[in-house]
Amino acid sequence: MSTPTGTGSAPTAAGPDRRGPRSLREAWVALVGLSAVFLFEMLDNSILNVALPTIGRELHASTIALQWVTGAYGVVFGGLMLVFGVLADRFGRRRIMLIGLVLLGVASLATAFVTTAEQLIVVRAVMGVAAAMTTPGSMALAFRLFDEDGLRIRATTLVSTVGLVGLAIGPTVGGFVLVIAPWQVLLLVNVPIAVLAIMGVRAGVAEDEAADLHRDPVDFLGAARRWARRRSCWRSSRPRCS
């Protein structure tokens with residue numbers, strides 16, 4: 001009895017299984033990278049505030065200049081976050097995040113060469129741009145890692161917890177660091193954080209698929225209005241201003 005040709009040994013046409021990780025442990029590389037991203041976002045301003053008197057003495061900075069040292073980061077970050085959120089939807093969250101992390105590392109490394117308050121303000125503004133590029137993707141990529149809602153909740157909770165711990169311990173850690181090291185170390189610490197995040201995101205997060213990208217127009221006018229509002233609110237020191 002003959003066997004019909006073309007049956008029995010033909011490979012299946014189904015593609016590889018693209019199911020997400022079935023536990024947090026399977027995605028630990030990506031979660032470490034995304035946690036490092038959120039840690040930077042929460043740690044940055046809180047750890048620097050304790051160094052403002054030292055910065056003022058060493059850079060001969062005025063009170064207004066010191067306000068801009070912290071305010072430049074927040075104003076740029078808040079004004080550009082929505083823009084980079086739209087750009088991330090258009091060009092890929094992973095890609096925009098990696099570019100932002102490289103920018104963060106370079107800007108933080110530039111702190112070692114700062115000699116004036118004006119230079120530090122520029123560095124802080126560039127770091128605000130980097131934060132705006134990485135923030136829209138941190139939670140979104142953690143959510144995208146998994147197929148099950150329970151794992152998604154646990155992953156986003158883990159990432160946010162790491163960031164909140166950094167926010168809580170930032171001033172204390174900053175104070176201890178100032179006892180044994182110059183204030184520049186408080187910003188240079190972002191360099192290894194950026195490297196860790198880049199390694200984790202590159203190795204653990206899949207590239208964006210074309211089907212998931214959107215082509216919505218970028219609302220530059222709305223972003224400009226939001227930036228102007230944040231700048232006005234910051235200068236007037238009004239609470240709960242967003």
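Begin by selecting helix α3 in this predicted model: at 1.5 Å a residue, its 29 residues should span 42 Å, and because the C-alpha atoms at its ends are 40 Å apart, the two values agree. While α3 is still highlighted, centre the view on M81, where the helix has a kink of about 40°. Then step just past the end of α3 to G92, a residue that takes a positive phi of about 115°.

Next, select the largest nonpolar core, which holds 49 residues, and colour L34, I55, L120, M127, L145, F146 and W183, since these touch the most other members. The elements giving two or more residues to this core are α1 (28-49), α2 (52-59), α3 (63-91), α4 (93-110), α5 (117-144), α6 (149-180), α7 (185-188) and α8 (190-204), and α1 supplies the largest share, 10 residues.

Now select L34 and display its surroundings: leaving aside residues up to four places away in sequence, L34 touches M97, S138, L141, A142, L145, V159 and V201. Apart from the largest core lies another core, of 7 residues, which can be found by selecting V83, A88, I96 and M133, among its members.

Finally, return to helix α1 and select G33. Is G33 buried or exposed? Because its relative accessibility is 0%, below the 20% cut-off, G33 counts as buried. With residues up to four places away in sequence again left out, G33 touches L196, A197, G200 and V201. As a last step, draw a C-alpha to C-alpha distance from G33 to A142, which lie 109 residues apart in sequence and 9.9 Å apart in space.

Technical notes:
Residues are numbered from 1 along each chain as its sequence is written. This is a predicted model: local features need pLDDT of at least 70, side-chain atom pairs count only at pLDDT 80 or more; totals for chains, interfaces and linings use all residues. Side-chain values use heavy atoms; hydrogens and water are left out. A nonpolar core is a set of buried Ala, Val, Leu, Ile, Met, Phe, Trp, Tyr and Cys residues joined through side-chain atoms within 4.5 Å. Buried means under 20% relative accessible area, exposed over 50%, partly exposed in between (1.4 Å probe, protein chains only). Helices (H or I, at least four residues) and strands (E, at least two) are DSSP runs, numbered from the N terminus. Contact means heavy atoms within 4.5 Å. The expected span of a helix is 1.5 Å times one less than its number of residues. The bend at a residue is the angle between axes fitted to the seven residues ending there and the seven starting there.
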